[in-house]
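Let's walk through this structure together, starting from its core and working outward. Have the viewer open as you read.

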Amino acid sequence: MPDTPRDRPAIRTDADARPTWPVRAEGAPSAVDAVRAAELPEGAPYVRIAGEPSEVRAPRRHFVRERLIDRGRVTFAGYRRRGPSEEQPREEAARTVA
């Protein structure tokens, strides 16, 4: 979930898709509350969820367990972990040694 509106990525697509980017600074609901409120198209929708790893599991479970969408039609990817990057602790350690 983006922290501020300027962090919201712009997506252009010709697909029949409606990306949703809740923003923490705007008082966005939790990821699960946001997907619970989402309206899905009729038929067998495809769902793609991406975000901080600890935040994508619950929305995926919602779609599979509560909305009964086939798990093969729900893709989720964890990325952009909170906290320091892998490089930051190494750089700090190198400065301490030097």
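A nonpolar core, as used here, is a set of buried Ala, Val, Leu, Ile, Met, Phe, Trp, Tyr and Cys residues joined through side-chain atoms within 4.5 Å. Keep in mind that this is a predicted model. Its largest nonpolar core has eight residues: Val35, Val47, Ile49, Val56, Phe63, Val64, Ile69 and Val74. At least two of them come from β1 (47–51), and at least two from α2 (53–66). Helix α2 gives the largest share, three residues. In soluble globular proteins, nonpolar side chains tend to be buried together.

For a view from inside this core, pick Ile69. Leaving aside residues up to four places away in sequence, Ile69 touches Leu40, Pro45, Val47, Phe63, Val64 and Val74.

Now turn to the strand itself. Side chains alternate along β1: Val47, Ile49 and Gly51 are buried and point to one face, whereas Arg48 and Ala50 point to the other face and are not buried. Strand β2 (residues 74–78) runs parallel to β1, and five bridges join the two. Within this pairing, Val47 stands opposite Val74 of β2. How does the chain get from β1 to β2, and with which handedness? The path goes through α2, and the resulting β-α-β crossover is right-handed.

One last stop is the loop between α2 and β2, where Leu68 is found. Although Leu68 is not a glycine, its phi is positive, about 60°. Most residues other than glycine have a negative phi. Is the side of the chain at Leu68 buried or exposed? Leu68 is exposed, with a relative accessible area of 69%.

Note on methods: Residues are numbered from 1 along each chain as its sequence is written. This is a predicted model: local features need pLDDT of at least 70, side-chain atom pairs count only at pLDDT 80 or more; totals for chains, interfaces and linings use all residues. Side-chain values use heavy atoms; hydrogens and water are left out. Buried means under 20% relative accessible area, exposed over 50%, partly exposed in between (1.4 Å probe, protein chains only). Helices (H or I, at least four residues) and strands (E, at least two) are DSSP runs, numbered from the N terminus. Contact means heavy atoms within 4.5 Å. Two strands pair if DSSP finds at least two bridges between them. A crossover is right-handed if, with the strands pointing away from the viewer, the path from the first strand over the helix to the second runs clockwise.
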